[in-house]
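Work through these exercises with the model in view. Try each task before reading its solution.

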Amino acid sequence: MDTIVPATSSHLGAPALGAAIITLPGKNSELGGLWRRYDARPVRLLRTREGRALSLDRYHRAGEFMGSLASPMADDTAYLFYSAGIVAQLAMSSHLLDVGFPDAWCAKYIGLHVDRSLAYANATGFGFEDTETERLMDVLSPYWKWNDLSRAHGIKPDTGGFVAGQVRDIITALLDHVAEVTGHGRRKQRRSPS
C-alpha cells in the first residue's frame with residue numbers, strides 16, 4: 001500500500017477528523033501505477049463525513065440491486081451480467097468513497113469499468129485479490145456492453161465461461177467484503193408490528 005495511511009472507521013459511522021488524510025503516493029507506488037495505466041489524474045485522498053455518508057448510500061444501493069440477481073429476469077445472461085456490473089460498481093465505489101476518492105473523479109476516470117474499481121480498491125487496502133473475481137470484473141467491464149441497447153446493436157460479449165450461480169456467489173462475496181472493510185453492514189429489514 002506504499003504511502004497510504006490507514007484510516008479506520010469509528011463505530012459511530014464517521015472517521016475521526018485529522019487522522020483521515022492519505023498522502024499522494026509517488027510515481028512508483030501501486031496507486032501511481034494505476035493512474036498512469038488508466039491515464040487518470042492523481043488525486044489526494046481525504047476521508048470526510050460526506051464521503052462516508054455517500055459511501056454508506058452506495059453500499060445500501062448495491063444491496064438493493066442484489067435483488068435483480070435473483071429476479072426471474074436474471075435467467076437472461078445479459079441481464080444477469082449487467083445487474084452484476086451495477087452491484088459490483090456500487091459496492092466497490094462504496095469502498096473508494098470511504099477511503100477518500102471524490103465521486104466526480106470516480107465517474108470520470110473509472111466510469112463503468114468494474115475492473116478498474118477493483119484495481120483501485122485493492123491498491124487502497126480493500127484486500128480482495130481473488131483470481132476469479134478479477135476475471136469476472138474483466139468480463140463485466142465496461143458493464144454497459146451487457147445492456148439491452150448494446151444487444152440491439154449486435155454486441156455479444158463473452159461470458160468468460162461464468163454461469164449464473166458463480167456470478168451470484170462472487171458478487172455476494174464482494175458485497176460482504178465491502179461490508180466488512182467499510183463497517184457498513186447490511187441494512188436491517190424493518191419488522192412489522194405484531
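The exercises below go from the overall fold to single residues, and the model they use is predicted.

**Exercise 1. The overall make-up**

Task: State how many helices and strands the chain has, and what share of its residues is buried.

Solution:
- Step 1. Count the elements. The chain has 8 helices and 0 strands.
- Step 2. Read them in order. From the N terminus on, the run is α-α-α-α-α-α-α-α.
- Step 3. Turn to burial. The chain has 194 residues, and 45% of them count as buried.

**Exercise 2. How α2 packs**

Task: Find how α2 is oriented relative to α3 and relative to α8.

Solution:
- Step 1. Know what to look for. Two packed helices are described by the angle between their axes and the distance between the axes.
- Step 2. Take α2 and α3. Their axes come within 8 Å and cross at roughly 165 degrees.
- Step 3. Apply the cut-off. Angles over 145 degrees count as roughly antiparallel. Therefore α2 and α3 are roughly antiparallel to each other.
- Step 4. Add the hand. The α2 and α3 crossing is left-handed.
- Step 5. Take α2 and α8, the helix of residues 164–182. These two pack at an angle of about 155 degrees, with axes 11 Å apart. So α2 is roughly antiparallel to α8.
- Step 6. Add the hand again. The crossing of α2 and α8 is left-handed.

**Exercise 3. Salt bridges around D98**

Task: Identify the salt-bridge partners of D98 in the network that holds it, and say where each partner lies.

Solution:
- Step 1. Start with the principle. Side chains of opposite charge can pair when their charged atoms come close.
- Step 2. Get the total. The whole structure holds 4 salt bridges.
- Step 3. Take the pair of D98 and R47. Their closest N and O atoms are 3.1 Å apart. D98 is in helix α3 (residues 77–99), while R47 is in the loop between α1 (30–37) and α2 (49–66). The two are 51 residues apart, and the pair links distant parts of the chain.
- Step 4. Take the pair of D98 and R52. This salt bridge spans 2.9 Å, N to O. D98 lies in helix α3 and R52 in helix α2, so the pair ties together parts that are 46 residues apart in sequence.
- Step 5. Check burial. D98 and R47 are buried. R52 is buried too, along with D98.
- Step 6. Put the pairs together. R47, R52 and D98 form a linked network of salt bridges.

**Exercise 4. A salt bridge within one helix**

Task: Explain how E132 and R135 are placed relative to each other, and decide whether they are buried or partly exposed.

Solution:
- Step 1. Confirm the pair. E132 and R135 form a salt bridge, with the closest N and O atoms 3.2 Å apart.
- Step 2. Find the spacing. Both are in helix α6 (residues 131–140). They are 3 residues apart, so about one helical turn separates them.
- Step 3. Judge E132. Its relative accessible area is 31%, so E132 is partly exposed.
- Step 4. Judge R135. At 31% relative accessibility, R135 counts as partly exposed.

**Exercise 5. Contacts far apart in sequence**

Task: Give the C-alpha separation for H177 and F126, then for A119 and L34.

Solution:
- Step 1. Place H177. This residue is in helix α8. Its relative accessible area is 13%, so H177 is buried.
- Step 2. Compare sequence and space. H177 and F126 are 51 residues apart along the chain, yet their C-alpha atoms are separated by 8.4 Å.
- Step 3. Place A119. This residue lies in helix α5. With a relative accessible area of 19%, A119 is buried, because buried means under 20%.
- Step 4. Repeat the comparison. A119 and L34 are 85 residues apart along the chain, and 7.7 Å separates their C-alpha atoms.

**Exercise 6. Backbone and surface**

Task: Describe the peptide bond from S141 to P142, the phi of D39 and the patch that includes L112.

Solution:
- Step 1. Recall the background. Most residues other than glycine have a negative phi, and most peptide bonds are trans.
- Step 2. Look at S141 to P142. This peptide bond is cis, with omega near -20 degrees. P142 lies in the loop between α6 and α7 (148–152).
- Step 3. Look at D39. Its phi is positive, near 50 degrees. D39 lies in the loop between α1 and α2. Its relative accessible area is 67%, so D39 is exposed.
- Step 4. Look at the patch. L112, W144 and I155 form a nonpolar surface patch, with about 240 Å² of accessible area together.
- Step 5. Place L112. This residue is in the loop between α4 (103–109) and α5 (114–123). At 32% relative accessibility, L112 counts as partly exposed.

Notes
Residues are numbered from 1 along each chain as its sequence is written. This is a predicted model: local features need pLDDT of at least 70, side-chain atom pairs count only at pLDDT 80 or more; totals for chains, interfaces and linings use all residues. Side-chain values use heavy atoms; hydrogens and water are left out. Patches are made of residues with over 30% relative accessible area and no salt bridge: like charges are joined within 9 Å, nonpolar side chains (Val, Leu, Ile, Met, Phe, Trp, Tyr) within 5 Å. Accessible areas come from the Shrake-Rupley method with a 1.4 Å probe; for residues, only the protein chains shown count as cover. A salt bridge is a side-chain nitrogen of Lys or Arg within 4 Å of a carboxyl oxygen of Asp or Glu. Helices (H or I, at least four residues) and strands (E, at least two) are DSSP runs, numbered from the N terminus. Buried means under 20% relative accessible area, exposed over 50%, partly exposed in between (1.4 Å probe, protein chains only). Axes are lines fitted to C-alpha atoms, for helices over the stretch in contact, and angles run from 0 to 180 degrees between N-to-C directions. Angles under 35 degrees count as roughly parallel, over 145 as roughly antiparallel, 65 to 115 as roughly perpendicular and the rest as oblique. A crossing is left-handed if the near helix is turned anticlockwise from the far one by less than a right angle, and right-handed if clockwise.
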